[in-house]
Amino acid sequence: MFTMKALILLALLGILWLISSRRWRHRVLAPIAILILSSLAITSPVGITLTTWGLTFSLPSDSGEPVDTIVVVGRGEELRHRRVEVVEEQWQTKRAKKIFASGMLDAPEMIERLKDNGIPGRVISGERCSQSTEENAIFTAALLNPQKHPKILLITDQPHLLRSFLTFRSFGFTVIPHPSLFPSQWNSRQRILLITREYAALAHYALTNRFQPRPLEQVKQPQPEVLNKIADWKCHIQAT
């Protein structure tokens, strides 16, 4: 839909170009045309592939080695179903003995789906307090403990992998990133909006030093406010 509208607008700009003065062309029509063409390029399949590659090329590859825990990070209802499928696939290959779900709205739903799909409740746990990527790492570290579960397989969507990888690593985890693909029904506009948002969030996290290693004492003993929130909000979910 966006592509068709953009092409129609370009056609109208072409007509205006033919009947406009040189000054009007260079000051008004040319910048508008460049903006539209740039948007078309970014939202094309090639553009989406390149912008996604920019967020994933530096990540370590997943060799399939065993880990201590599979950690899945939620990011909304539309992305939840595919994440559960990926967790199940990795569980079936015996990657880990434990599964941990993180996210205020996502974790309870993902845990229920995993149980409904036949994964034993005794191996599934999670937290339902986090509302950001940093909080995903904070509460996961507080409940999972990087000292006891040092190596994790981290599952989230491709654009989110780099920021999640760097944040969880800052809390002392050895992180193996594993992608969950976009829903097949998503259009290019939905995909590029999420990718653009991720570039902005990645820059914000880098500028605020959220990728720096956390003090060892903070990793071993979470901050009192974190522990109080876990107790007050009953963050810990233990599947039965």
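This briefing describes the nonpolar cores, one buried histidine and the two largest pockets of the structure above. The model is predicted: local features need pLDDT of at least 70 and side-chain atom pairs count only at pLDDT 80 or more, while totals for chains, interfaces and linings use all residues. Residues are numbered from 1 along each chain as its sequence is written, and side-chain values use heavy atoms, with hydrogens and water left out.

**Nonpolar cores**

- The largest nonpolar core (a set of buried Ala, Val, Leu, Ile, Met, Phe, Trp, Tyr and Cys residues joined through side-chain atoms within 4.5 Å) has 28 residues.
- Within this core, V71, I152, F168, F173 and V175 touch the most other members.
- Two or more core residues come from each of α3 (45-56), β1 (69-73), α6 (133-144), β4 (151-157), α7 (158-170) and α8 (188-207); helices (H or I, at least four residues) and strands (E, at least two) are DSSP runs, numbered from the N terminus.
- A second, separate core has 22 residues, including V84, V86, I111 and I124.

**F173 and H149**

- Leaving out residues up to four places away in sequence, F173 is in contact (heavy atoms within 4.5 Å) with T140, A141, L144, N145, P146, H149, P150, I152 and F168.
- H149 is located in the loop between α6 and β4.
- H149 counts as buried because its relative accessibility is 19%; buried means under 20% relative accessible area, exposed over 50%, and partly exposed in between (1.4 Å probe, protein chains only).
- Apart from neighbours within four places in sequence, H149 touches D68, T69, K98, L144 and F173.

**Largest pocket**

- A pocket is an open set of points, on a 1 Å grid over the protein atoms alone, where a 1.4 Å probe fits, with protein on both sides within 12 Å along at least five of seven lines; lining residues have an atom within 4 Å of a point.
- The largest pocket has a volume of about 300 Å³, a volume being the space filled by probe spheres set on the points, which are joined across faces, edges and corners.
- Its lining has 16 residues, and G74, R75, Q131, S132 and R197 are the closest to the centre.
- α6, α7 and α8 each give two or more residues to this lining.
- The lining comprises three nonpolar, nine polar and four charged residues; Ala, Val, Leu, Ile, Met, Phe, Trp, Tyr, Cys and Pro count as nonpolar, Asp, Glu, Lys and Arg as charged, and the others, Gly among them, as polar.

**Second largest pocket**

- The second largest pocket has a volume of about 160 Å³.
- Of the 10 residues that line this pocket, P45, I48, T49, F182 and R191 lie nearest its centre.
- The largest share of the lining, four residues, is supplied by α3.
- Three nonpolar, six polar and one charged residue make up this lining.
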